[in-house]
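Open the model in your viewer and keep a selection box ready. We will begin with the aromatic rings and finish with the whole chain.

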Amino acid sequence: MPPAEDTGPVDRGVALVRAARRGDTLALHDLLDHLTPYIARICGPIALDDGPDATQEALVAVFTSLRSLREPAALYGWVRAISVREAVRVAGRAARARPAELPDVPERGDPQLAADIGDVLARLSPAHRAVLVLRDVEGMDEAEAAALLGVPAGTAKSRLHRARQSFRKAWSA
């Protein structure tokens, strides 16, 4: 039986979790479909070219661990933590931690600009990309990012500082 009519995507996700945990396999399928864009949005900037692999790994982890989610209302935070962990793991496994040489960066307004931002991000280590995405894209504070990454707040703050410094240096080179 499908979940009751809901008022938004968050309510839909929570309703799907509850139905899936009751054994509704269609709800589980719908839940994974519902979460895929959210997970991809998190994994892509961290794992870069391996973003689809990280997304898949995160979906598998969500599927296998769904029963461990204590409170369905915490779904998106729980999924975000899994997604970041898997993206960092996949990116590290792909040996993307080595900085590379940066080609000339185009002027603002150049159509190549978005690709170049991605290129600069690619030169950061997965750990630096993760904290940068969590702070500057997801809007988390240092304490939230540190907790999600499983590191002390000071470590997250110093990684963020180094990530921003490296990004600026590469961008202005």
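This is a predicted model, and a search for paired aromatic rings, with centres within 6.5 Å, returns 1 aromatic pair. Select Tyr38 and Tyr76 to see that pair: the arrangement is edge-to-face, with 5.5 Å from centre to centre and 90° between the planes.

Now colour the helices that carry the two rings. Tyr38 sits in helix α2, residues 25-47, while Tyr76 belongs to helix α4, residues 75-93. The pair therefore ties together parts that are 38 residues apart in sequence. Are these two tyrosines, Tyr38 and Tyr76, buried or exposed? Both Tyr38 and Tyr76 are buried.

Next, select Leu48, in the loop between α2 and α3 (51-65). Check its backbone: phi of Leu48 is near 55°, a positive value in a residue other than glycine. For context, most residues other than glycine have a negative phi. Switch on the surface as well: Leu48 has 18% relative accessibility, and buried means under 20%, so Leu48 counts as buried.

Finally, zoom out and show the whole protein as a cartoon. You will find 8 helices and 0 strands, giving the pattern α-α-α-α-α-α-α-α along the sequence. Of the 173 residues, 41% count as buried. Try a contact map too: among contacts with a separation of 6 or more, 65% are between residues 24 or more positions apart. For a last view, display the accessible surface, which comes to about 9700 Å²; carbon and sulfur atoms account for 54% of that surface.

Conventions. Residues are numbered from 1 along each chain as its sequence is written. This is a predicted model: local features need pLDDT of at least 70, side-chain atom pairs count only at pLDDT 80 or more; totals for chains, interfaces and linings use all residues. Side-chain values use heavy atoms; hydrogens and water are left out. Rings of Phe, Tyr and Trp (its six-membered ring) pair if their centres lie within 6.5 Å; planes under 30 degrees apart count as stacked, over 60 as edge-to-face and the rest as tilted. Helices (H or I, at least four residues) and strands (E, at least two) are DSSP runs, numbered from the N terminus. Buried means under 20% relative accessible area, exposed over 50%, partly exposed in between (1.4 Å probe, protein chains only). Contact means heavy atoms within 4.5 Å. Accessible areas come from the Shrake-Rupley method with a 1.4 Å probe; for residues, only the protein chains shown count as cover.
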